[in-house]
Amino acid sequence: MSVTGLCQICETAEAERTCGVCGAAVCEDDYDADAGACVECARIAGGGVDGGPA
Ligand SMILES: [Zn+2]
Ligand SMILES: [Zn+2]
């Protein structure tokens with residue numbers, strides 16, 4: 001299933017990723033690969049989700 005349309009965060013770039021948390025279609029710039037989520041969800045989740053040393 002391909003994602004088409006604009007990023008739901010910046011609404012200027014083409015969405016190429018889907019947030020694994022909220023399901024929003026977002027562009028590369030607004031996708032946090034480490035969190036597997038959009039930057040909004042990554043921000044809410046905060047850092048250290050893996051429990052690694054800071
Ligand atoms: Zn974007
Ligand atoms: Zn999200």
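Colleague: Is Arg17 buried, partly exposed or exposed, and what is its relative accessible area?

Modeller: This is a predicted model, in which local features need pLDDT of at least 70, side-chain atom pairs count only at pLDDT 80 or more, and totals for chains, interfaces and linings use all residues. Residues are numbered from 1 along each chain as its sequence is written, chains are lettered from A and ligands numbered from 1 in the order in which they are written, and side-chain values use heavy atoms, with hydrogens and water left out. Taking buried as under 20% relative accessible area, exposed as over 50% and partly exposed as in between, with a 1.4 Å probe and protein chains only, Arg17 is partly exposed, and its relative accessible area is 36%.

Colleague: How many residues apart in sequence are the parts that Arg17 and Glu28 tie together?

Modeller: A salt bridge requires a side-chain nitrogen of Lys or Arg within 4 Å of a carboxyl oxygen of Asp or Glu, and Arg17 forms one with Glu28, the closest N and O atoms being 3.0 Å apart. Arg17 lies in strand E1, whereas Glu28 lies in the loop between E2 and E3, so the pair ties together parts whose separation in sequence is 11 residues.

Colleague: Which residue forms a salt bridge with Arg43?

Modeller: By the rule above, the count comes to 2 salt bridges. The partner of Arg43 lies with it in helix H1, 3 residues away, about one turn of the helix. Arg43 is exposed, at a relative accessible area of 58%, while its partner counts as partly exposed at 34%. With the closest N and O atoms 3.4 Å apart, the partner of Arg43 is Glu40.

Colleague: What arrangement do the 4 donor atoms make around the zinc ion (ligand 1)?

Modeller: Donors are N, O and S atoms within 2.8 Å of the metal (3.2 Å for Na, K and Ca), and water is not among the atoms, so sites may look incomplete. For ligand 1 they are Cys7 (SG), Cys10 (SG), Cys27 (SG) and Asp30 (OD), at 1.8 to 2.3 Å, and the donor residues are spaced C-x2-C-x16-C-x2-D in sequence. Four donors count as tetrahedral if all angles lie between 85 and 135 degrees, four as square planar and six as octahedral if opposite donors are over 155 degrees apart and all others between 65 and 115, and anything else is irregular. The angles here are 104 to 117°, which makes the arrangement tetrahedral.

Colleague: Which side chain of opposite charge is nearest to Asp30, and how far away is it?

Modeller: Asp30 lies in the loop between strand E2 (25-26) and strand E3 (31-32), helices (H or I, at least four residues) and strands (E, at least two) being DSSP runs numbered from the N terminus. Both this donor and Cys27 are buried. Lys and Arg count as positive and Asp and Glu as negative, with His and the chain ends not counted; on that basis Asp30 has no salt bridge, and the nearest side chain of opposite charge is Arg43, at 7.7 Å.

Colleague: Which residues does Val39 touch, not counting those up to four places away in sequence?

Modeller: Val39 lies in helix H1 (residues 39-45) and is partly exposed, with a relative accessible area of 25%. With contact meaning heavy atoms within 4.5 Å, Val39 touches Ile9, Asp29, Asp30 and Tyr31.

Colleague: How many residues apart in sequence are the parts tied together by Cys19 and Cys38?

Modeller: The zinc ion (ligand 2) is coordinated by Cys19 (SG), Cys22 (SG), Cys38 (SG) and Cys41 (SG), at 2.2 to 2.3 Å, and donor angles of 103 to 119° make this arrangement tetrahedral. Cys19 lies in the loop between E1 and E2 and Cys38 in strand E4 (residues 37-38), so the pair ties together parts whose separation in sequence is 19 residues.

Colleague: What phi does Glu11 have?

Modeller: Most residues other than glycine have a negative phi. Glu11 lies in the segment before strand E1 (17-18) and counts as exposed at 57% relative accessibility. Although it is not a glycine, Glu11 has a positive phi of about 55°.

Colleague: In what order do the elements of the protein chain run from the N terminus on?

Modeller: The protein chain holds 1 helix and 4 strands, and 24% of its 54 residues count as buried. From the N terminus on, the order of the elements is β-β-β-β-α.
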